[in-house]
Amino acid sequence: MVMGFSLNSYSVVADANAMKECALLIFSIRQFSDAPIYVACNSTSYNYLSQLNFGNIKFKQMLNKANLDKKKKLTAHIVDANQFHNKEIIACKMDCLSLATRESGNTLFVDADIVFIKDPGLDINSFTDVMLSPHYYYANCRADSRKYGAFNAGYLYANSPKVAESWWDIYFSRSTFYEQQGMRHLFEDYKVQTFNQNHNIGFWRYEKNWQRGKLYLGANDVTHAEAVSYHAHLFPETYSRADKGLKLGYDQLGELVKSVLPPNIRRFADDL
């Protein structure tokens with residue numbers, strides 16, 4: 001692997017529910033990079049994020065009602081697996097990825113609830129087309145791979161707009177769980193490598209125990225000292241539509257991640 005590769009850009013989708021998470025994401029990126037960050041947003045999230053004056057943010061109001069109405073028609077056939085995911089906003093992820101790769105050459109597309117501790121560019125291979133983030137499911141969660149997919153849809157490096165086109169095709173016609181389960185099909189057309197276990201540490205990396213209808217996080221294989229990035233909701237409004245048991249799990253993960261964040265990032269989160 002070629003080390004020390006510099007990313008040309010980052011990209012993310014953020015509506016009003018995710019705007020605080022996106023602010024924290026951007027703040028964490030700015031600890032090590034001044035690369036452009038492409039943000040697909042609506043007017044509310046634009047107004048919130050723009051007043052923070054991060055610099056070099058490329059806003060695109062893709063989440064306006066007219067565009068989301070179009071996406072709603074296009075994605076009407078896709079199964080609603082839960083009340084948590086929004087099919088129209090998911091469809092805008094491919095547009096954001098396409099824009100960032102067209103203008104910057106390459107990008108790391110991430111969900112808004114990512115927080116970086118270290119520069120992910122140090123682990124990117126400049127000779128590959130795509131890098132995906134395996135879930136690295138904890139032992140008692142591996143069956144989830146069949147249902148939800150082996151790779152996480154909130155952490156993807158790409159160096160061509162064609163990747164966004166392929167991802168859209170997967171979402172539209174080849175995936176059984178939103179845009180995620182079918183991401184394995186990207187291996188058919190691109191040089192694909194994977195991020196290691198220090199990236200994108202999320203809910204799936206922990207043992208899950210249900211007791212009396214409540215979810216508790218247990219054992220894990222996470223090495224916090226080596227962590228590059230975490231994937232966790234730190235603001236309750238972002239998972240307000242989740243069921244009660246899942247909310248408890250997200251609460252626990254959020255508190256855990258907060259406890260291991262660098263002090264300046266934790267202070268920024270607390271001040272939002």
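This passage describes the strands, the nonpolar cores and the aromatic pairs of one protein chain. The structure is a predicted model, and the description starts with three strands before turning to the side chains packed around them.

Strand E2 (residues 37-41) makes a good starting point. On one side, strand E1 (residues 10-14) is joined to E2 by five bridges, and the two strands run parallel. Within this pairing, Val13 stands opposite Ala40 of E2. To get from E1 to E2 the chain passes through H1, in a β-α-β crossover that is right-handed. E2 also pairs with strand E3 (residues 57-60), again in the parallel sense, over four bridges. Here Val39 has Phe59 of E3 as its bridge partner. The path from E2 to E3 leads through helix H2 (residues 43-50), and this β-α-β crossover is right-handed as well.

How many residues of strand E2 are buried? Five of its five residues are, so the strand counts as mostly covered. Both of its faces take part: Ile37, Val39 and Cys41 are buried on one side, and Tyr38 and Ala40 on the other. Val39 also has many neighbours from elsewhere in the sequence; leaving aside residues up to four places away, Val39 touches Val12, Cys22, Ile26, Leu49, Ile57, Lys58, Phe59 and Lys60.

Val39 leads on to the interior of the model. The largest nonpolar core has 57 residues, and Val39, Leu108 and Phe116 are those with the most contacts inside it. Helix H1 contributes the largest share of this core, eight residues. Another core lies apart from it, with 34 residues, among them Leu156, Ala158, Trp167 and Val192.

Helix H1 (residues 19-29) is also the place of Ser28. Is Ser28 buried or exposed? Its relative accessibility is 0%, so Ser28 counts as buried. Beyond residues up to four places away in sequence, Ser28 touches Val115, Phe116 and Ile265.

Phe116 appears once more among the aromatic rings. A pair of aromatic rings is described by the distance of the centres and the angle of the planes. The model holds 16 aromatic pairs. In one of them, the ring centres of Phe116 and Tyr155 lie 6.1 Å apart with their planes at 40°, so this pair is tilted. Phe116 belongs to strand E5 (residues 114-116) and Tyr155 to strand E7 (residues 151-158), so the pair links distant parts of the chain, 39 residues apart. Both Phe116 and Tyr155 are buried.

Tyr155 has a further partner, Phe195. Their pair is edge-to-face, with 5.1 Å from centre to centre and 85° between the planes. This pair, too, links distant parts of the chain: Tyr155 lies in strand E7, while Phe195 lies in the loop between strand E8 (192-194) and strand E9 (206-211), 40 residues apart. Tyr155 counts as buried because its relative accessibility is 0%, and Phe195 is buried with a relative accessible area of 1%. Which residues make up the aromatic cluster that includes Phe116, Tyr155 and Phe195? Tyr10 and Phe32 join these three in one cluster.

Some rings have a lysine as a neighbour instead. The charged end of Lys71 sits over the ring of Trp168, at 5.9 Å from its centre. Lys208 lies over the face of Phe203, 4.9 Å from the ring centre.

Notes: Residues are numbered from 1 along each chain as its sequence is written. This is a predicted model: local features need pLDDT of at least 70, side-chain atom pairs count only at pLDDT 80 or more; totals for chains, interfaces and linings use all residues. Side-chain values use heavy atoms; hydrogens and water are left out. Rings of Phe, Tyr and Trp (its six-membered ring) pair if their centres lie within 6.5 Å; planes under 30 degrees apart count as stacked, over 60 as edge-to-face and the rest as tilted. Buried means under 20% relative accessible area, exposed over 50%, partly exposed in between (1.4 Å probe, protein chains only). A charge sits over a ring if NZ of Lys or CZ of Arg is within 6 Å of the ring centre and within 35 degrees of the ring normal. Contact means heavy atoms within 4.5 Å. A nonpolar core is a set of buried Ala, Val, Leu, Ile, Met, Phe, Trp, Tyr and Cys residues joined through side-chain atoms within 4.5 Å. Two strands pair if DSSP finds at least two bridges between them. A crossover is right-handed if, with the strands pointing away from the viewer, the path from the first strand over the helix to the second runs clockwise.
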